[in-house]
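Visitor: Could you pick a single spot in this model and take a close look at it with me? I'd like to start from one contact and follow what lies around it.

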Amino acid sequence: MGALSIRNVKKSYGDTHILKGIDLEIDKGQFLILVGPSGCGKSTLLNMIAGLDDISSGEIAIADRVVNKLSPKDRDIAMVFQSYALYPNMSVKKNIAFGLEIRKVPKAEQEEIIARVAKTLQIEHLLDRKPSQLSGGQRQRVAMGRALARNPTLFLFDEPLSNLDAKLRVEMRTEIKLLHQRLGTTIVYVTHDQIEAMTLGDRIAVMKDGEVKQFGSPQEIYDTPANLYVAGFIGSPAMNFIPVQLGEEGGHAVVVLDNGSTPQSVRLGPISEAQRAFVGKQVILGVRPEQLTDPESAHSDRTNLQSLQATVAITEPTGPDTLVTVTLNGVKTVARCHPRAAGHPGQAVTLVLDPTKALLFDPASEKRLA
Amino acid sequence: MAELAYHQTTGAKVARYVIYAVLIAMVLFYLAPLFVMLSTSFKSLDEIRTGNLLSLPSSISFDAWRAAWSSACTGIECGGMAPYFSNSLKMMIPAVLISTLVGAFNGYILSMWRFKGSDTFFLLLLIGTFLPFQVIILPMAQVLGMLEIEDSTTRLILVHVIYGLQFTTLFFRNYYVTVPGELVSAARIDGAGFFRIFFKILLPISIPTIMVCLIWQTTQIWNDFLFGVIFSSGDGQPITVALNNLVNTSTGVKQYNVDMAAAIIAALPTLIVYAIGGKYFVRGLTAGAVKG
Ligand SMILES: Nc1ncnc2c1ncn2[C@@H]1O[C@H](COP(=O)(O)OP(=O)(O)OP(=O)(O)O)[C@@H](O)[C@H]1O
Ligand SMILES: [Mg+2]
């Protein structure tokens, strides 16, 4: 049963096409993340799910009911906004009760709901305050409380954490995740923070320029990004993209990596049909920094690790690891090494690459060669 | 170093005294007419004729005030300013309230419920704020004629509401564009409709702007003479017109003390409004976005 189905939804303002045919589908209880750079249409899509804005064409269904023509109040949704949008003239309690009053929930039941929500979010002591007397984190909680009070089929969050400081953001992130696990509600959550996307989502839709570039589970998106854009957007530090010429040897893909003085041949995984068509041509090798590391840190159970020599250009300690930048085929490439094995600028290091995790992309279409 | 600091402080002190002196001179200059009006209104006619304009009254007499309020002649009527004062009140209060409320409503629509052409509409309204009174007199007279409204007070209420709307709309619209639209979105999702959002959420946070409109409209409408003299007649005239008639009525000796008292009576409401609401006026004009 689909909790939310978005079918070929388009939105244009005059001649500007903001959404260019979005298709998404999630099940009850799933946590859907819409992630993408600023201006890609995330809020627009969310507003259309909420019914705050009309869609130009396509269909949106919530709990298997097409809602295209329903007003926001009839869609059985609740929304948390980036600016929290608390009613400044009302106390916290009134803010939470506002929607209940309009829906003519009996007074006694209202009190019960407010008490329950306040307890869940630990805002009992704030109920009589005005929003202006609250801190950012408290406002955030109240905004969530207002949404929870209504117990809707679908929760919509539009960058709810982006106005909080870094520490609070991490705390609230965990709390939202706990809340989701406890209540089992279906959530659509907009963010432009890829870490938030990875940690919170069951399903992630990576958007760009009004299109969904990939829709899948966090692990799918991380391990098998559909294209260069998704590969570069998710993951921090970002995936390395190294231009290489593709070869084939004994059923395996082979590429040559040049550290500036010696070209070294590297054997990747078994070559696929799609990859075979590119033999002898230029492709882009995608390697995440943690898949390029010092021999000691590499998984010892991997037998076919490929080692290569390189010269350290810069080291950036992060604490647990040190990011080592080397040059391969003329581009800066980041490896994640153990601090002890990181070396110094100018020093030669041995790195090992996990060939099963390395990805190949077509430079023209930017699609991954599966 | 120390010497330098010493010189600076004496310099600063001198500058400060100069500033005070200039300010006091200005205050005296501006207050002088009020002083003359007040002191003259408490003098007897004899004292006015023989005495000095700037001298204090030898004895306080309220006769002139009494006469101005209830028995001075404004043309052929001799009932003082009282009936006209009440005319002005009866005209001003509804006109101020209606123009403020409708202005708030216009501002709400023009900022939160934009429609095709709403920006053009707002631009046209803005042009209205630059139109001088004189330009609209003729068309206004025609419209009033067509509507066949006879009652002076009703006519003036209509005229002032229409002329004031562009200002009140401008004030409210400019305030509401600073209010995050998400507030309205949140209320819509909560199930609130067009009017509930306006009355329950936007109007309550508009107190500073409401104050600005009330003060602005009160002074505009109370002090208006031109519309009053043109669109009202006889015993329906506002106080500004009555004051003019009173001062210009020439039977016998000019009663300066009565004139002065009447002028002060006519100016009193706006003075009081400013004294009470002045700080709201400034606050409202500088009010920014609502936080949280
Ligand atoms: N009413 C409108 N008229 C014309 N263009 C609009 C309108 N509303 C939004 N847009 C455009 O639609 C695009 C997508 O906007 P949207 O707010 O959905 O972006 P977003 O992905 O939420 O970005 P952010 O991360 O900055 O919030 C933007 O380029 C914006 O300029
Ligand atoms: Mg947005």
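Guide: Happy to! Let's start with a polar contact of 3.4 Å that joins the side chains of N95(A) and R146(A). Please keep in mind as we go that this is a predicted model.

Take N95(A) to begin with. N95(A) sits in helix 2 of chain A, which covers residues 92-102. Is N95(A) buried or exposed? The relative accessible area of N95(A) is 0%, and the limit for buried is under 20%, so N95(A) counts as buried. The side chain of N95(A) also reaches the backbone nitrogen of Y87(A), at 2.8 Å.

Now move across the contact to R146(A). R146(A) belongs to the lining of the second largest cavity, together with A78(A), M79(A), F81(A), A147(A), R150(A), A186(B), I189(B) and D190(B). Looking at which elements give two or more residues to this lining, we find strand 6 (77-80) and helix 4 of chain A, along with helix 8 of chain B. The space inside the second largest cavity is about 60 Å³. By class, its lining has 6 nonpolar residues, 3 charged ones and no polar ones.

How many cavities are there in the whole structure? A search finds 4 cavities of 30 Å³ or more. In the largest cavity there is about 90 Å³ of space. Its lining is made of M144(A), A147(A), L148(A), F155(A), F157(A), I176(A), L179(A), H180(A), L183(A), T185(A) and I187(A). Helix 4 (136-149), strand 7 (154-158) and helix 5 (166-183) of chain A are the elements that each give two or more residues to that lining. Helix 5 of chain A gives the most, with 4 residues. Sorted by class, the lining of the largest cavity has 9 nonpolar residues, 2 polar residues and no charged ones. Notice A147(A), which appears in the lining of the largest cavity and also in that of the second largest cavity. That makes A147(A) a handy landmark when you turn the model around.

From the second largest cavity, helix 8 of chain B can lead us onward to the largest pocket. This pocket has a volume of about 450 Å³. It is lined by 17 residues, and those closest to its centre are L52(A), M112(B), G181(B), S185(B) and R188(B). The elements that supply two or more lining residues are helix 1 of chain A, plus helix 4 (82-112) and helix 8 (181-189) of chain B. Which of them gives the most? Helix 8 of chain B does, with 5 residues. The pocket lining divides into 7 nonpolar, 5 polar and 5 charged residues.

The pocket brought in helix 1 of chain A, and that helix takes us to our next stop, ligand 1. Helix 1 covers residues 42-50 and provides the largest share of the shell around ligand 1, namely 3 residues. The whole shell consists of Y13(A), I18(A), P37(A), S38(A), G39(A), C40(A), G41(A), K42(A), S43(A), T44(A), E159(A) and H192(A). By class, these shell residues are 4 nonpolar, 6 polar and 2 charged. Several side chains here have a polar atom beside an oxygen atom of ligand 1. For S43(A) the distance is 2.6 Å, for T44(A) it is 2.4 Å, and for E159(A) it is 3.1 Å. Taken alone, ligand 1 exposes 640 Å², and the protein buries 57% of that.

Two more residues of chain A are worth a glance before we finish. Q194(A) lies in helix 6, residues 194-200. Its relative accessibility is 13%, which is under 20%, so Q194(A) counts as buried. A polar atom of the Q194(A) side chain lies 2.9 Å from the backbone nitrogen of G235(A). R340(A), in turn, is found in the loop between strand 19 (331-337) and strand 20 (348-353). With a relative accessible area of 65%, R340(A) is over the 50% limit and therefore exposed. The C-alpha atoms of R340(A) and E296(A) are separated by 9.9 Å, although these residues are 44 residues apart along the chain.

How values were computed:
Residues numbered from 1 in each chain as written. Chains lettered and ligands numbered in written order. Predicted model: local features only at pLDDT ≥ 70, side-chain atom pairs only at ≥ 80, totals over all residues. Heavy atoms only, no water. Near = heavy atom within 4 Å. Polar contact = N/O pair within 3.5 Å; in protein donor to acceptor, adjacent residues only side chain to side chain. Areas by Shrake-Rupley, 256 points an atom, 1.4 Å probe, with all protein chains shown as cover. Nonpolar A, V, L, I, M, F, W, Y, C, P; charged D, E, K, R; others polar. 1 Å grid on protein atoms, 1.4 Å probe; cavity = no way out; pocket = protein on both sides within 12 Å on 5 of 7 lines; lining within 4 Å. Points joined across faces, edges and corners; volume = space filled by probe spheres on them. Buried < 20%, exposed > 50% of the residue type's maximum accessible area, 1.4 Å probe, protein only.
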